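This report looks at burial and surface, then at the fold, the nonpolar core, one pocket and one residue ahead of the strands. The sequence and structure come before the discussion.

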Amino acid sequence: MKFNISFHENGGQFQTANPRSLSKTKSVPYYSFEAESDSGGYLGVLNLIYTKWGFWETHAYIVERYHGNGFGIKLYEAAIQHARSKGFQVRSSLDTSEMAKRVWKSKRLRSNFAIKRVRNRYMVH
């Protein structure tokens with residue numbers, strides 16, 4: 001299946017990760033990379049979200065029926081390339097899913113970027 005990745009620069013509301021303060025939201029910069037099929041069907045999205053520590057974290061969602069087709073890796077590649085062109089430091093989120101770990105560990109992603117595991121996160125160096 002052929003697909004396209006579109007890019008959006010945004011600012012939005014994200015809830016804090018602290019369970020004691022789920023009602024609090026804050027506005028943070030982020031970039032969205034969306035994958036659509038040539039026929040316009042939604043495949044998934046990857047958001048690069050700026051953290052208070054100066055890193056950009058990846059948060060991705062791929063529609064389940066498209067898992068295992070390489071769309072996630074393509075989204076990560078596009079996001080990491082964009083971030084590096086701007087001098088950003090990219091890492092995985094702390095609550096990385098098993099599917100995201102597979103992408104971070106993939107030979108394909110590692111053949112294009114120097115990725116290291118630091119504590120419980122993956123970081124692009």
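## Burial and surface

Of the 125 residues of the protein, 40% count as buried, a figure that, like the others in this report, rests on a predicted model. The accessible surface comes to about 7,800 Å², and carbon and sulfur atoms account for 48% of that area.

## Fold

The secondary structure consists of three helices and seven strands, and along the sequence these elements are arranged in the pattern β-β-β-β-α-β-α-α-β-β. When contacts with a separation of 6 or more are considered, 50% of them involve residues that are 24 or more positions apart.

## Nonpolar core

The largest nonpolar core has 26 residues, and within this set Leu48, Trp104 and Leu109 touch the most other members. Two or more residues each are given to this core by strand S2 (25-37), strand S3 (42-50), strand S4 (56-62), helix H1 (71-85), helix H2 (98-105) and strand S7 (121-124). The largest share, seven residues, comes from H1.

Which residues does Trp104 touch, if those up to four places away in sequence are not counted? Its contacts are Thr58, Tyr76, Ile80, Val90, Arg91, Ser92, Thr96, Leu109, Arg110, Ile115, Tyr122 and Val124. Trp104 therefore has atoms within 4.5 Å of Leu109, which is itself among the core residues that touch the most other members.

## Second largest pocket

The second largest pocket has a volume of about 460 Å³. Its lining is made up of 25 residues, of which Ile62, Tyr76, Met99, Ala100 and Val103 are the closest to the pocket centre. S4, H1 and H2 each supply at least two residues of this lining, and these three elements also each give two or more residues to the largest nonpolar core.

In terms of residue character, the lining of the second largest pocket divides into eleven nonpolar, twelve polar and two charged residues. Tyr76, one of the residues closest to the centre of this pocket, is also one of the contacts of Trp104.

## Lys2, ahead of strand S1

Lys2 is found in the segment before strand S1 (3-15). Is Lys2 buried or exposed? Lys2 counts as exposed because its relative accessibility is 64%, and the exposed class begins over 50%.

Exposure does not leave Lys2 without contacts: with residues up to four places away in sequence left out, Lys2 touches Ser37 and Asp38. Lys2 and Ser39 are 37 residues apart in sequence, and their C-alpha atoms are 8.9 Å apart in space.

Definitions and conventions
Residues numbered from 1 in each chain as written. Predicted model: local features only at pLDDT ≥ 70, side-chain atom pairs only at ≥ 80, totals over all residues. Heavy atoms only, no water. Core = buried A, V, L, I, M, F, W, Y, C linked by side-chain atoms within 4.5 Å. Buried < 20%, exposed > 50% of the residue type's maximum accessible area, 1.4 Å probe, protein only. Helix = DSSP H or I, 4+ residues; strand = E, 2+ residues; numbered from the N terminus. Areas by Shrake-Rupley, 256 points an atom, 1.4 Å probe, with all protein chains shown as cover. 1 Å grid on protein atoms, 1.4 Å probe; cavity = no way out; pocket = protein on both sides within 12 Å on 5 of 7 lines; lining within 4 Å. Points joined across faces, edges and corners; volume = space filled by probe spheres on them. Nonpolar A, V, L, I, M, F, W, Y, C, P; charged D, E, K, R; others polar.
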